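Here is a friendly walk through one model, written for someone who likes to think at the bench. Keep the sequence and the 3D view open as you read.

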Amino acid sequence: MSVDGWSLIRFLHVLAAMVFVGGQLVLSGMVLPIVRKDLEPERSGPLARKTARLFGHTANIVLLPTLIVTGLALMSHRGIGWVGLGEEGYGRLLSIKLGMVVLSVALLATHGIIAMRNPAKAKPFAVAGLTASVLIVVFATALVP
């Protein structure tokens with residue numbers, strides 16, 4: 001086994017994915033429930049929005065661009081082109097993973113937009129987006145050679 005430039009690219013991809021999915025899990029499973037339980041609504045609402053906004057900015061400015069750039073690079077390095085995404089095996093699994101990425105980002109963006117207007121109606125989108133993100137990890141583990 002050797003460590004080379006591709007190892008660094010793969011590391012950055014996995015690290016960004018860990019922070020993206022792990023951040024969603026920690027935020028929705030630990031931080032927000034405690035904030036909502038232990039603080040009065042006039043304090044919990046603004047704190048929850050501020051925390052979610054920071055995570056959203058981090059995801060949009062750092063994590064998603066890193067995932068896109070490193071993911072495309074890794075795809076190219078493996079010799080998978082857009083046509084190869086339809087092929088049985090690795091290509092099809094990668095297609096499903098990429099579809100889940102698009103679905104997750106769309107659901108989480110919808111959640112963010114709705115949450116600004118009506119936080120109570122946004123929760124199903126957060127849950128669905130988080131579920132899609134976890135499924136991305138499931139398919140990603142199947143792709144590891």
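E40 counts as partly exposed, at 33% relative accessibility. Keep in mind that this is a predicted model. R43 is partly exposed as well, with a relative accessible area of 49%. Both values lie between the 20% and 50% cut-offs, so neither residue is called buried or exposed. The two side chains meet in a salt bridge, at 3.5 Å from N to O. How many salt bridges does a search of the whole structure find? The search finds one.

**The overall picture**

The chain has four helices and zero strands. Read from the N terminus on, its elements run α-α-α-α. The C-alpha trace spans about 55 × 30 × 20 Å along its principal axes. Of the 145 residues of the chain, 26% count as buried. Among contacts with a separation of 6 or more, 62% come from residues 24 or more positions apart.

How confident is the predictor, and where is its confidence lowest among the elements? The mean pLDDT of the chain is 92, and 99% of the residues reach 70 or more. Among the elements, helix α4 (residues 119-143) has the lowest mean pLDDT, 91, while helix α1 (residues 5-38) has the highest, 94. As a general reminder, predicted coordinates should not be read in detail where pLDDT is low.

**A lysine on the inside**

Let us turn to K97, which has its place in helix α3 (residues 90-117). Is K97 buried or exposed? K97 is buried, yet it has no salt bridge. The nearest side chain of opposite charge belongs to E87, and it is 17 Å away. A salt bridge needs a side-chain nitrogen within 4 Å of a carboxyl oxygen, so E87 at 17 Å is no partner for K97. Which residues does K97 touch instead, leaving out those up to four places away in sequence? They are H13, I136, F139, A140 and L143.

**A charge over a ring**

Another positive side chain has an aromatic neighbour: R78 lies over the face of Y90, at 3.9 Å from the ring centre. As for rings meeting rings, the structure holds zero aromatic pairs.

**Two residues of helix α2**

P41 has its place in helix α2 (residues 41-77), and N60 lies in helix α2 too. P41 is exposed, with a relative accessible area of 64%. N60 also counts as exposed, at 52% relative accessibility. Both values are over 50%, which means that both residues pass the cut-off for exposed.

Each of these residues can be set beside a residue elsewhere in the chain, comparing distance along the sequence with distance in space, C-alpha to C-alpha.

| Pair | Apart in sequence | Apart in space |
|---|---|---|
| P41 and W6 | 35 residues | 48 Å |
| N60 and A132 | 72 residues | 17 Å |

To find these pairs in the 3D view, start at P41 and look for W6, 48 Å away. Then go to N60 and look for A132, 17 Å away.

How values were computed. Residues are numbered from 1 along each chain as its sequence is written. This is a predicted model: local features need pLDDT of at least 70, side-chain atom pairs count only at pLDDT 80 or more; totals for chains, interfaces and linings use all residues. Side-chain values use heavy atoms; hydrogens and water are left out. Buried means under 20% relative accessible area, exposed over 50%, partly exposed in between (1.4 Å probe, protein chains only). Lys and Arg count as positive and Asp and Glu as negative; His and the chain ends are not counted. Contact means heavy atoms within 4.5 Å. Rings of Phe, Tyr and Trp (its six-membered ring) pair if their centres lie within 6.5 Å; planes under 30 degrees apart count as stacked, over 60 as edge-to-face and the rest as tilted. A charge sits over a ring if NZ of Lys or CZ of Arg is within 6 Å of the ring centre and within 35 degrees of the ring normal. pLDDT is the predictor's confidence in each residue, from 0 to 100.
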